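Got the model open in your viewer? Here's a tour, stop by stop, with something to select at each one.

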Amino acid sequence: MQKQEALERLHKIDQDIKHLDQVSALLQWDQETYMPSAAVEGRSEQLALLEGIKHEKFTDPEIGKLLEQLASDDKDLPDIERDFLRVFRKQYNRAIALPADLVTEAARAEGLSQAAWVEARKNNDYKTFIPHLEKMIGYAKKKAEYWGYSGHPYDGLLDIYEPGMTESVIEGVFVPLRDRLARLVQRIGEKPAPRSDFLSREFPVDLQAQFGEQVMKDLSYDFTQGRLDISAHPFTTTLGPRDVRITTRYFPQNMLSGLFSIIHESGHALYEMGFADHIRDTSLGDGASMGIHESQSRLWENVVGRSYAFWKGQYARLQGLFQSQLTDVSLDVFYAAVNRVQPSLIRVDADEVTYSLHVILRFELERKLFSGDLSVADLPEAWNTMMYAILGVRPDSDANGVLQDVHWSMGAFGYFPSYALGNLYGLQLWETLKAQNPNTERHIEQKNYVPVLEWLRSNVHIHGCRYEPGDLILRVTGRPLSAEPFIHYLEQKYGQLYSL
Ligand code: ZN
């Protein structure tokens with residue numbers, strides 16, 4: 001087979017796998033939004049069947065032969081094809097690296113572990129979860145061995161979510177970040193809290209939806225290529241080359257929750273809608289990493305959506321929709337409430353300042369679990385002690401402490417850092433964007449978000465996952481990953497808000 005022919009064959013296989021993924025995503029989207037509850041069992045079987053077909057296709061020995069043939073001489077291929085081969089080869093190698101019996105065994109244990117976690121959390125009974133968590137760590141270690149790593153076993157897991165990222169690089173940015181954030185939280189805590197009573201007034205859900213959809217349009221979310229629906233947990237999903245949907249949920253007495261979920265998910269969706277056309281339906285049409293994906297959602301949600309400039313542009317309309325709820329609330333009072341800082345026990349409820357501390361805590365505990373410096377039995381005490389040290393709050397129960405997140409019960413170790421890395425990537429990009437576009441704030445005040453989106457499109461979105469996150473950040477900002485822009489942004493913004 002000629003080289004060109006082999007490459008075309010590989011592209012065809014890649015596209016078929018991508019389409020199978022999209023069909024699964026459609027079934028899952030339906031399950032989370034409109035599917036009647038009695039259909040759960042049938043749907044699981046449909047999804048399992050698709051998963052099996054996909055696995056079979058992806059581990060076909062033909063792929064190995066094609067990759068081998070193309071590996072021997074890819075010198076004269078265009079860069080984009082070499083990037084495609086690199087990404088495809090990595091996925092293929094990961095899929096075939098694990099012995100089939102390990103995959104089956106781990107999947108079964110994962111099911112049991114998740115069920116045990118649900119019970120343990122409900123009954124606040126960590127002890128019953130210990131043997132499951134030990135098993136999950138054991139499987140993760142085994143998988144990391146098969147996948148391979150150069151430094152720490154934890155690196156083998158990180159690479160799934162943040163290609164090329166290592167424990168030592170993350171430690172280098174997280175440790176100074178932790179200390180400076182903890183100090184900032186402490187200083188904020190010494191100041192009076194801003195007024196926020198009006199946020200729990202009754203905000204009719206249909207009006208919330210009306211406002212949220214208008215914000216999506218303002219942000220250039222394209223409703224001919226997507227839609228907004230309601231689900232228990234907000235998410236973004238890509239169902240085809242021109243079909244990127246988001247969901248949110250509304251609470252009558254917590255208007256900010258639904259709105260900021262919409263902005264957050266729109267950020268994810270704008271990223272997926274912005275992949276270059278020629279990579280959109282290939283393996284390169286994907287986020288560069290979990291963290292880069294989060295950088296996009298958090299940049300829109302926090303850096304833009306919680307800025308004074310944003311509300312200067314949007315507040316009159318919000319006040320117009322909610323006249324009785326917001327009549328006694330000025331723009332300045334609203335802005336301060338949107339950004340109030342309150343150390344809390346639960347990661348998903350955390351504000352912009354404390355959020356990364358929740359993530360750093362999990363990162364530090366995970367590495368200790370993997371290096372053997374911390375036993376599963378001692379985990380709750382380690383959690384509570386560290387939480388008090390960096391956030392000044394101590395969990396009243398394991399259910400609100402070590403048992404609060406689902407990730408560990410699923411064996412998803414190495415995933416948490418992406419959440420905080422997203423903040424760091426986002427601010428590093430934002431700093432460069434602002435240096436190149438000094439009028440950004442004025443545009444945002446005028447509800448013109450196009451220059452921000454266009455900059456992100458041409459610097460980040462169009463590349464999909466052609467570059468690993470570290471390379472992408474260096475390429476766009478001229479500097480390696482750093483926590484400085486994020487810390488500087490928080491110290492400035494909250495220094496003003498809280499008169500520090
Ligand atoms: Zn997100």
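Start by selecting arginine 94, which sits in helix H4 (residues 79-97); helices here are DSSP runs of H or I with at least four residues, strands are E runs of at least two, and both are numbered from the N terminus. Before going further: this is a predicted model, where local features need pLDDT of at least 70 and side-chain atom pairs count only at pLDDT 80 or more, while totals for chains, interfaces and linings use all residues. Residues are numbered from 1 along each chain as its sequence is written, and side-chain values use heavy atoms, with hydrogens and water left out.

Is arginine 94 buried or exposed? Neither label fits: arginine 94 counts as partly exposed because its relative accessibility is 23%, where buried means under 20% relative accessible area, exposed over 50%, and partly exposed in between (1.4 Å probe, protein chains only). Now show what surrounds it. Setting aside neighbours within four places in sequence, arginine 94 is in contact with Trp147, Asp159 and Ile160, contact being heavy atoms within 4.5 Å. Draw a C-alpha to C-alpha distance from arginine 94 to isoleucine 160: the two are 66 residues apart in sequence and 9.2 Å apart in space.

**The two domains**

Colour residues 3-124 as domain 1 and residues 167-497 as domain 2; these bounds come from an automatic or database domain assignment. Taken over C-alpha atoms, the domain centres are separated by 28 Å. Across the boundary, 27 residues of domain 1 are in contact with 32 residues of domain 2.

While domain 1 is coloured, pick aspartate 16 in helix H1. Aspartate 16 has a relative accessible area of 22%, so it is partly exposed. For a longer span, draw a C-alpha to C-alpha line from aspartate 16 to valine 215: 199 residues apart in sequence, 35 Å apart in space.

**The nonpolar cores**

Next, show Phe174, Trp300, Trp311 and Phe334 as sticks. Of the 137 residues in the largest nonpolar core, these four touch the most other members. A nonpolar core is a set of buried Ala, Val, Leu, Ile, Met, Phe, Trp, Tyr and Cys residues joined through side-chain atoms within 4.5 Å. Both domain 1 and domain 2 give residues to this core, so it lies between them.

Which residues does phenylalanine 174 touch, leaving aside its neighbours within four places in sequence? Add Ile360, Phe363, Pro417, Ala420, Leu421 and Leu424 to the view, as phenylalanine 174 is in contact with each of them. Then switch to a second, separate core of ten residues, Ile246, Tyr250, Ile262 and Met273 among them.

**The zinc site**

Centre on the zinc ion. Its protein donors are His264 (NE2), His268 (NE2) and Glu294 (OE), at 2.0 to 2.1 Å. Donors are N, O and S atoms within 2.8 Å of the metal (3.2 Å for Na, K and Ca), and sites may look incomplete because water is not among the atoms. Along the sequence, the donor residues follow the spacing H-x3-H-x25-E. Why are histidine 264 and histidine 268 separated by about one helical turn? They are four residues apart in helix H10 (residues 255-273). Both histidines are buried.

**Cavities and a pocket**

Turn on a surface view and look inside. The structure holds four cavities of 30 Å³ or more, the largest having a volume of about 60 Å³. To find that largest one, select its lining: Lys18, Gln22, Thr238, Gly240, Pro241, Glu272, Phe275, Arg280, Asp281 and Gly285. Helix H1 (3-33) and strand E2 (236-240) each give two or more residues to this lining.

Then go to the second largest pocket, with about 600 Å³ of space. Of its 20 lining residues, Lys434, Glu441, Tyr489, Gln492 and Lys493 lie nearest the centre. H22 gives the most to the lining, with seven residues.

For these terms, a 1 Å grid is laid over the protein atoms alone: a cavity is a set of points where a 1.4 Å probe fits but cannot get out, a pocket is an open set with protein on both sides within 12 Å along at least five of seven lines, and lining residues have an atom within 4 Å of a point. Points are joined across faces, edges and corners, and a volume is the space filled by probe spheres set on them.

**Last stop: two serines**

Finish with serine 499, in the segment after helix H22 (484-497). Serine 499 has a positive phi of about 45 degrees although it is not a glycine, and it is exposed, with a relative accessible area of 54%. Serine 220, in the loop between helix H9 (205-218) and strand E1 (228-230), has a positive phi near 75 degrees.
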